[in-house]
Amino acid sequence: MDGLLREPLLYSDIVESPVSFMPSIRKTPSALQHTLRHAISCTGTGLHTGQSIRMSLHPTSAGHGIVFQRTDLPNAAPIAARYDNVLETRLSTVLGEAQRPENRVATVEHLMAALNGCGIDNVLVLIDGPETPVFDGSAADFVFLLDCAGRKAQDAPRRFIEVSKPIRICHNDSWAELHPIAGHHLHLSLSIDFPAKAIGQQSYSAELTPWSFRHELADSRTFTLKAEIEALHRAGLARGGSLDNAIVVDDDHILNPSGLRKPDEFIRHKVMDAVGDLYLAGGVLLGEFRGHRSGHALNNQVLRALFADQNAWRDITTSLPAASAA
């Protein structure tokens with residue numbers, strides 16, 4: 001795989017935990033919307049294109065939502081980070097403009113996961129290429145960027161979307177489900193089954209809170225099988241991949257010299273991906289997400305099925321007790 005230009009002073013390069021500028025962890029989520037306190041920029045390599053990408057995150061007004069804007073395409077329309085703007089789900093989640101397919105941004109799931117885990121509702125993402133930087137293949141560097149930018153409360157309620165009816169999507173032996181559940185957080189329970197012995201069968205369950213995201217999910221990296229790399233390159237994918245930004249597995253061997261960050265890093269990464277994909281609901285999803293061998297496609301399809309059924313969800317934006325502003 002091609003080498004990656006490493007970025008200085010990012011989360012993945014720091015051995016000890018960085019000083020966090022985010023608010024203290026609460027048992028219930030803040031009922032107020034939040035944006036960034038300051039704009040922040042970064043440069044990195046795109047995982048699939050191999051291009052050098054410059055991206056900047058900017059504070060926005062309440063109700064703006066998360067919006068991507070390509071700066072390298074003349075008159076490119078802004079792209080709202082919503083499930084119905086997903087154009088493609090092969091190996092990553094791709095947002096785009098259906099009427100102008102070249103106006104797209106790929107591999108948004110890690111940034112979306114960080115925004116979800118850190119409780120950011122409103123941000124403008126300016127980007128000069130077709131995908132977000134991959135950094136180390138996890139969401140940890142995005143969390144570090146958000147910490148450096150800071151978090152600012154806004155005088156408007158967050159949108160909470162409660163699952164009120166079970167939804168199930170199946171494809172062969174893979175499936176994804178949403179279920180109602182009591183509580184103020186999203187619960188996730190996933191399992192995977194890979195023929196590679198180094199991965200095998202793994203399962204993981206988590207309640208999504210700022211603490212659990214930071215300490216249990218954020219630093220879990222994307223992974224691939226060595227046998228699939230050549231096919232990915234022929235398809236024009238993974239051109240920016242390397243052992244610095246992905247775990248590479250060869251049956252029972254991990255080819256990365258540093259090994260795994262956690263014994264079950266593979267399933268934790270899948271859960272982290274789901275945290276990002278499900279934030280495309282357009283608000284904070286409250287319910288339980290279950291899946292087996294699910295990926296970006298099923299994650300998106302289960303959201304489309306949810307919102308296609310008016311009896312399967314309800315907006316409870318004004319129903320949660322307000323927490324103190326950060």
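How many cavities of 30 Å³ or more does the structure hold? In this predicted model, the structure holds two cavities of 30 Å³ or more, and the close-up views below begin with the second largest of them.

**View 1. The second largest cavity and the residues that line it.** The space in this second largest cavity comes to about 30 Å³. Its lining is made up of Tyr-83, Val-86, Thr-93, Asp-277, Leu-280, Asn-300 and Leu-303, a set that divides by class into four nonpolar residues, two polar residues and one charged residue. Two of the lining residues, Asn-300 and Leu-303, are also among the buried residues of helix H6, which is the subject of the next view.

**View 2. Helix H6, residues 296–308.** The 13 residues of H6 reach 18 Å from the first C-alpha to the last, which is close to the 18 Å expected at 1.5 Å a residue. Buried positions in H6 include His-296 and Leu-298 towards the beginning of the listed residues, followed by Asn-299, Asn-300, Val-302, Leu-303, Leu-306 and Phe-307. As background to reading such a pattern, an α-helix has 3.6 residues a turn, so residues three or four places apart point the same way.

**View 3. Strand S19, residues 284–292, and its pairing partners.** Seven of the nine residues of S19 are buried, so the strand is largely enclosed by the rest of the structure. Strand S11 (residues 160–163) runs parallel to S19 and is joined to it by three bridges, with Phe-160 having Val-284 of S19 as its bridge partner. Strand S14 (residues 186–193) likewise pairs with S19 in the parallel sense, over six bridges, and here the partner of Leu-186 in S19 is Gly-287. Strand S13 (residues 174–179), by contrast, runs antiparallel to S19 and is joined to it by five bridges, with Gly-291 of S19 serving as the bridge partner of Ala-176.

**View 4. Asn-75, a loop residue with positive phi.** Asn-75 lies in the loop between strand S4 (66–70) and strand S5 (79–80), and its phi is near 55 degrees, a positive value in a residue other than glycine. With a relative accessibility of 77%, above the 50% cut-off, Asn-75 counts as exposed.

**View 5. Thr-107, a loop residue with positive phi.** In the loop between strand S8 (100–105) and helix H1 (109–117), Thr-107 has a positive phi of about 55 degrees although it is not a glycine. Thr-107 is buried, its relative accessible area being 5%, whereas Asn-75 is exposed.

Notes. Residues numbered from 1 in each chain as written. Predicted model: local features only at pLDDT ≥ 70, side-chain atom pairs only at ≥ 80, totals over all residues. Heavy atoms only, no water. Helix = DSSP H or I, 4+ residues; strand = E, 2+ residues; numbered from the N terminus. Expected span 1.5 Å × (residues − 1). Buried < 20%, exposed > 50% of the residue type's maximum accessible area, 1.4 Å probe, protein only. Pairing = 2+ DSSP bridges. 1 Å grid on protein atoms, 1.4 Å probe; cavity = no way out; pocket = protein on both sides within 12 Å on 5 of 7 lines; lining within 4 Å. Points joined across faces, edges and corners; volume = space filled by probe spheres on them. Nonpolar A, V, L, I, M, F, W, Y, C, P; charged D, E, K, R; others polar.
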